Amino acid sequence: MEAQLDPMKDDLPLMANTSYMLVKHYILDLDVDFKSKVIEGIIVLFFETGSQYRKTSHTGKEGCQSQFDETCKMRASELCYTPVTNVSACSSKTEYNDFALCGKGEEDTSDKNGNHSNKEQASGISSSKDCCDIENHGNKDFLLVLDCCDLSILKVEEVDVAAVSGIEKFTRSAKLTDTSKKLENLRNQIVHELVTLPADRWKEQLHYFTRCSQAPGCGELLFTTGTWSLEIRKSGIQTPTDFPHAIRIWYKTKPEGRSVTWTTDQSGRPCVYTMGSPINNRALFPCQEPPVALSTWQASVRTAAGFVVLMSGENSAEPVQLREECGSWYYYVTMPMPASTFTIAVGCWQEVKQQSFTNFEFSLPSSQVDFRWREEICGHVEYPCRFQNPAARLQAVIPYRVFAPWCLMECCEERLLRLIPQCLSAAYITLGTHPFSRLDVLIVPSNFSSLGMASPHIIFLSQSVLPGGSHLCGTRLCHEIAHAWFGLAIGARDWTEEWISEGFATFLEDIFWARAQQLSHDEIKGQQELKALLRWRRLRDEVQNSEEELQVLRPKKESTGELSESGASVVKHGLKAEKIFMQVHYLKGYFLLRFLARTIGEASYLASLRKFVHKFHGQLVLSQDFLCMLLDDIPEQKESGLTVESIFQNWLDTSGIPKVTKWIQTNQRIRKSGKKKRKQNEVIFQKLLPDQLVLLLEYLLEEKTLCPRILQCLEKTYQLREQDAEVRHRWCELVVKHKYVPGYGDIEKFLREDQAMGVYLYGELMVNEDVKQQELAHKCFAAAREHMDASSAKVVAEMLF
């Protein structure tokens with residue numbers, strides 16, 4: 001059965017039975033309607049038979065039996081029967097864009113859960129007889145399960161790819177022996193040949209994917225929608241091998257769907273974007289969510305004139321005007337990626353043009369150049385890989401664009417635009433070939449719940465990184481750029497191991513940013529030591545104020561990476577709202593990597609990182625893949641007790657902070673010994689860097705009392721209202737703690753403009769039990785709640801009510 005999980009509290013279910021059928025390519029054809037706040041259209045999915053069925057199919061129908069039984073246990077939905085009518089719903093001559101019209105005239109008869117039948121309404125758990133239709137003397141039909149939530153499914157049908165003109169070239173190797181199933185087998189053979197074309201024929205492959213997606217339907221399929229899944233079957237088809245390998249789904253999103261947010265930008269114009277929801281993209285399109293479902297995609301998106309569509313795609317799309325008030329945007333991806341990395345943003349974005357350009361170059365160490373040019377065979381599935389492209393291997397700065405609302409264009413030009421080539425070059429020096437061919441950077445609306453988010457070919461940044469100098473903007477940009485290697489090109493095979501993405505990005509942001517600034521050795525050391533101290537303090541506070549089970553970096557321990565026989569699994573704690581705001585995977589992962597770098601030596605460690613990137617790009621990994629490779633390169637460390645098992649035990653499988661206090665104590669002794677006695681009445685104010693200011697304010701937060709005069713002097717001396725968001729956040733905490741009324745306006749502005757960082761300020765306003773502060777919290781929440789991220793709103797509401 002499909003468990004009825006609390007959508008904001010429990011583990012995230014990954015329902016797709018990827019072990020039996022694995023999606024290889026998506027084609028989306030969508031219309032974005034801002035009036036109804038609905039995205040409507042068609043998705044065509046191309047499949048291969050999954051590995052688990054191929055392993056067990058020699059035993060006959062038993063290969064799928066356990067999958068059927070398991071699906072019956074995991075779902076709670078009612079059977080939907082759609083009669084097979086109008087077999088050729090669209091003629092083979094129908095153009096691709098016309099498919100959007102095929103579903104528009106159909107009445108959406110679904111209930112609020114998307115179910116089309118009210119027979120035997122299920123509550124909580126459905127009976128097993130609802131799970132699979134039993135026909136043919138007791139044999140069960142194969143059930144294709146997709147991850148799906150908050151979608152209205154209108155129709156599902158098989159696609160007659162054999163009707164495509166010129167498709168004969170993909171049928172020459174087909175071995176068709178059963179005459180009765182000849183056409184069905186032919187269609188699946190065509191799809192198999194198409195998805196397995198060699199990488200150098202990628203343009204031809206995309207062309208025929210598009211042609212096949214335009215092919216007529218050849219029979220509607222039965223489907224059922226549940227809370228977390230879409231289940232599809234074809235009557236009489238009992239194995240994944242015989243199930244249609246190309247299906248078309250008509251659907252539309254719901255305004256309350258949790259994969260995208262409909263809001264307004266900072267200039268007051270409507271927009272919609274994927275904001276990194278805990279449920280990923282399953283409320284944007286039916287898909288296979290598990291990371292193992294690496295796929296490519298093409299997408300055509302139509303919207304009103306004046307709107308710009310940005311997307312995770314290899315091409316820099318330009319709009320094609322379809323009619324006076326409508327434009328179409330087309331993007332594609334040839335590197336297989338998890339469906340969760342698909343990103344879209346539609347709004348009245350303005351491109352920030354470069355008025356003048358200062359050439360920014362680094363000299364590459366000769367040893368690094370030699371490493372980069374060494375010929376290696378890639379270990380991933382075949383695709384047009386940049387690591388095998390000589391020109392790409394020499395590209396220190398990939399093409400980039402910056403988009404923002406109109407009111408932020410000047411600020412982006414002054415601050416962000418010039419940083420991008422510096423940070424891209426620094427990343428290239430550190431890790432080598434950029435995995436992606438281009439980069440768009442978008443300043444997203446103020447309701448974005450984090451400082452940044454990286455997806456293939458596109459980075460979202462919060463407006464909070466722009467004010468107060470280049471430090472916060474540069475470090476966050478470096479962090480998101482690092483995700484191109486760790487998190488995207490190399491992904492975690494088990495999403496519970498998010499430290500593989502966030503820990504590496506946090507560690508590398510320091511390396512990239514120091515090189516982008518071209519600092520001296522001593523400056524780099526000082527900057528990184530200070531950053532480490534701030535992170536240690538933050539980690540210490542988080543460990544003291546969070547559930548122990550959320551502090552474990554490998555919560556599934558020895559079971560990490562394991563799947564059920566069907567491929568279904570859960571992401572432990574994936575739907576806990578408070579987990580979104582936790583930093584333990586960033587910080588604890590960072591300290592593990594810092595510990596390893598200091599143990600091995602930074603030069604050797606960075607060389608190992610480059611080796612890891614070359615070996616594992618385009619693949620999914622577990623913690624032991626990195627640790628085993630690293631320790632194999634330094635066998636002498638095993639003798640001192642540094643093993644994969646010890647790292648698991650001390651760092652990844654336990655809560656709390658590992659023993660890093662030796663460094664902290666040393667750092668504090670150095671700081672104390674640097675103090676000199678000053679003459680009485682002598683006051684010296686020094687210009688402080690942002691991280692130094694943050695540390696100063698954190699120490700002041702430990703003071704029991706500070707009088708208003710001191711707070712006023714502090715704000716004026718260091719111009720705290722003009723500093724970056726990290727500094728202003730600490731200032732707001734001081735204002736709250738000491739009830740400094742002249743600073744309440746700063747809190748109100750922060751909670752309005754810096755929603756990515758302001759969530760816990762609400763709690764601090766409430767905990768003092770001060771009437772004015774509580775009124776301020778309620779006032780700010782009332783103003784922001786309508787457009788606030790759902791998880792943020794839930795956490796804040798629990799603090800206030």
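Helices are DSSP runs of type H or I with at least four residues, numbered from the N terminus. In this predicted model, residue K531 lies in one such run, helix α12, which spans residues 521-544. K531 counts as buried, because its relative accessibility is 15% and the cut-off for buried is under 20%. Beyond its neighbours up to four places away in sequence, K531 touches H471, E509, D510 and D691.

One of these contacts, H471, leads to a second helix. H471 belongs to the buried residues of α10. Helix α10 covers residues 471-482 and has 12 residues. From its first C-alpha to its last, α10 reaches 17 Å. That is close to the 16 Å expected at 1.5 Å a residue. Of the 12 residues of α10, 12 are buried, so the helix is largely enclosed by the rest of the structure. Charged and polar names appear in this buried set, including R476, H479 and E480. Nonpolar names appear as well, among them L472, L477 and I481.

Strand β14 is also mostly covered, with 9 of its 10 residues buried. Two strands pair with β14. Strand β2 (residues 21-33) runs parallel to β14 and is joined to it by 7 bridges. Within this pairing, D31 has R302 of β14 as its bridge partner. Strand β17 runs antiparallel to β14, and 9 bridges join the two. Here T303 stands opposite G327 in β17.

Aromatic rings were examined next. A search of the whole structure finds 27 aromatic pairs. In one of them, the ring centres of W297 and F342 are 5.5 Å apart and the planes stand at 70°, so the pair is edge-to-face. This pair links distant parts of the chain, with the two positions 45 residues apart in numbering. W297 is in strand β14 (residues 295-304), whereas F342 is in the loop between β17 (326-337) and β18 (344-347). W297 counts as buried because its relative accessibility is 1%, under the 20% limit. F342 is buried too, with a relative accessible area of 3%.

A second edge-to-face pair is formed by F448 and F460. Their centres are 6.3 Å apart, with 80° between the planes. This pair also links distant parts of the chain, 12 residues apart. F448 sits in the loop between β21 (439-443) and β22 (452-455). F460 sits in strand β23 (residues 458-461). Both F448 and F460 are buried.

One residue touches a member of each pair. T274, in strand β13 (residues 270-274), is in contact with F342 and F460. Its other contacts include S259, V260, N281, L284 and M453. Residues up to four places away in sequence are not counted here. T274 is buried, with a relative accessible area of 2%.

Elsewhere, aromatic residues gather in a group. F486, W499, F504, F612, F616 and F626 form one aromatic cluster. Charged side chains also meet rings. K155 lies over the face of W250, at 4.1 Å from the ring centre. R537 lies over the face of Y699, at 4.7 Å from the ring centre.

The strand of F460, β23, takes part in an open sheet of 5 strands. The strand order is β19-β20-β21-β23-β22, and the pairing is mixed. β19 (350-351) and β22 stand at the edges, each with a single partner strand, so one side of each has no neighbour in the sheet. The partner of β19 is strand β20 (residues 400-404), which runs antiparallel to it and is joined by 2 bridges. In this pairing, E351 stands opposite F403 in β20.

Finally, the nonpolar cores were located. The largest nonpolar core has 202 residues. Those with the most contacts inside it are I232, I249, L416 and Y605. Leaving aside neighbours within four places in sequence, I249 is in contact with I232. Further contacts of I249 include G41, I42, I43, L45, L146 and I153. K155 is also among the contacts of I249, and this lysine is the one placed over the face of W250. Another core, of 24 residues, lies apart from the largest one. V191, V195, L206 and A215 are among its residues.

Conventions:
Residues are numbered from 1 along each chain as its sequence is written. Side-chain values use heavy atoms; hydrogens and water are left out. Rings of Phe, Tyr and Trp (its six-membered ring) pair if their centres lie within 6.5 Å; planes under 30 degrees apart count as stacked, over 60 as edge-to-face and the rest as tilted. Buried means under 20% relative accessible area, exposed over 50%, partly exposed in between (1.4 Å probe, protein chains only). A charge sits over a ring if NZ of Lys or CZ of Arg is within 6 Å of the ring centre and within 35 degrees of the ring normal. Contact means heavy atoms within 4.5 Å. A nonpolar core is a set of buried Ala, Val, Leu, Ile, Met, Phe, Trp, Tyr and Cys residues joined through side-chain atoms within 4.5 Å. The expected span of a helix is 1.5 Å times one less than its number of residues. Two strands pair if DSSP finds at least two bridges between them.
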